[in-house]
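Hi,

Here is the structure I promised to pass on to you. Have a look at it first, and then read on for what turned up in it.

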Amino acid sequence: MKKYIIIIIAITLVCVGCYREKRGKLTQRGKEIHDSWLMYSQEMIEKTIVPVFQMDAWIGGNDSIRRIIEDNYFPYLRVREEATNEFAFYDGAQKILTVNTNGYALADNGASWLVSINNARTYESDYGQIPMFLAYPSQWRLFISKTGNQQWNISLDTTRSMGSKCDWKLGLPANDTIVYFSQQEFSLAGNGTFKYAGDVYLRYHIDETLQHQGNLYPWNRGVVSMIARFIDPETNEIPIDDIHVKAEYIGDGIKITYRNITETWEFEKRH
């Protein structure tokens, strides 16, 4: 059990290394669970979903626009057309992601993109394009489909090799441009499970839609409930501990509820 707590604490230090925190005392363990969820969900958004949406602008642009997008949004990566409707991100000679657009732009009605990777364990880069929890399975697939005006469904499938999955609803303001969504306003709803460190599961549900606005980190509003489950490594069947956590974002801070105790944690960016 202790080794799993150490793993979560280590993840927490990575997640909040750029921020100073006024720590609570009674909800610290719940805060560590939240930070694990936060890191993985932010990696999904920033290192996979955002570049794929930016790739959409690259695909639809001329040569000049493509160079501008590459230089401004992913200067260490390059997009290459592999086949009809199939594009890939490269870091040097290393292929990172493959995207099949099925002939649609992401803004088109009927858009349904498939993002995939093989042999994720072999990928290492200072850029860190592959989220940490996705480095464990040998294969994963991400589906992005338009479901309404400025609305997309995002689902992750690693069940055959890992067990992580998600079913997210991503929304942008009516007049926003897809390529800029990571820097402006967007919303996120849904649920899922992250599996990491072998026998640790983190199941979560977004109870109230998460809202990102401006430069506030990480969310301005929203509520997430999560359960961390530690599986007995000897039997691989019996859960030996469940941790229930509720996180409510309140602008420049977050309320963590753990064992019926609620404390507010404030975040302050370093300048």
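Trp 37, Tyr 40, Phe 194 and Tyr 204 come together as one aromatic cluster. Please keep in mind that this is a predicted model. Trp 37 is a good residue to click on: leaving aside residues up to four places away in sequence, it touches Phe 194, Leu 202, Tyr 204, Leu 210, Trp 219, Val 224, Met 226 and Tyr 249.

Trp 37 also shows up in the largest nonpolar core, which has 58 residues. Trp 37 is among those with the most contacts inside this core, and so are Leu 142, Ile 144, Trp 168, Tyr 204, Trp 219 and Met 226. Helix 2 (residues 28–60) gives the core its largest share, 13 residues. As background, nonpolar side chains tend to be buried together in soluble globular proteins.

Back to the rings: there are 7 aromatic pairs in the structure. In one of them, Phe 74 and Phe 89, the ring centres are 5.0 Å apart and the planes are at 85 degrees, so this pair is edge-to-face. Phe 74 lies in the loop between helix 3 (63–73) and strand 2 (78–83), and Phe 89 in strand 3 (residues 86–91), so the pair ties together parts 15 residues apart in sequence. Both Phe 74 and Phe 89 are buried.

A ring can have a charge as a partner too: the charged end of Arg 66 sits over the ring of Trp 58, 3.9 Å from its centre.

Finally, look at strand 7 (residues 151–157), where 6 of the 7 residues are buried. Strand 7 runs antiparallel to strand 8 (residues 165–171), and 7 bridges join the two. Gln 151 stands opposite Gly 171 of strand 8.

Enjoy exploring!

Terms used
Residues are numbered from 1 along each chain as its sequence is written. This is a predicted model: local features need pLDDT of at least 70, side-chain atom pairs count only at pLDDT 80 or more; totals for chains, interfaces and linings use all residues. Side-chain values use heavy atoms; hydrogens and water are left out. Rings of Phe, Tyr and Trp (its six-membered ring) pair if their centres lie within 6.5 Å; planes under 30 degrees apart count as stacked, over 60 as edge-to-face and the rest as tilted. Helices (H or I, at least four residues) and strands (E, at least two) are DSSP runs, numbered from the N terminus. Buried means under 20% relative accessible area, exposed over 50%, partly exposed in between (1.4 Å probe, protein chains only). A charge sits over a ring if NZ of Lys or CZ of Arg is within 6 Å of the ring centre and within 35 degrees of the ring normal. A nonpolar core is a set of buried Ala, Val, Leu, Ile, Met, Phe, Trp, Tyr and Cys residues joined through side-chain atoms within 4.5 Å. Contact means heavy atoms within 4.5 Å. Two strands pair if DSSP finds at least two bridges between them.
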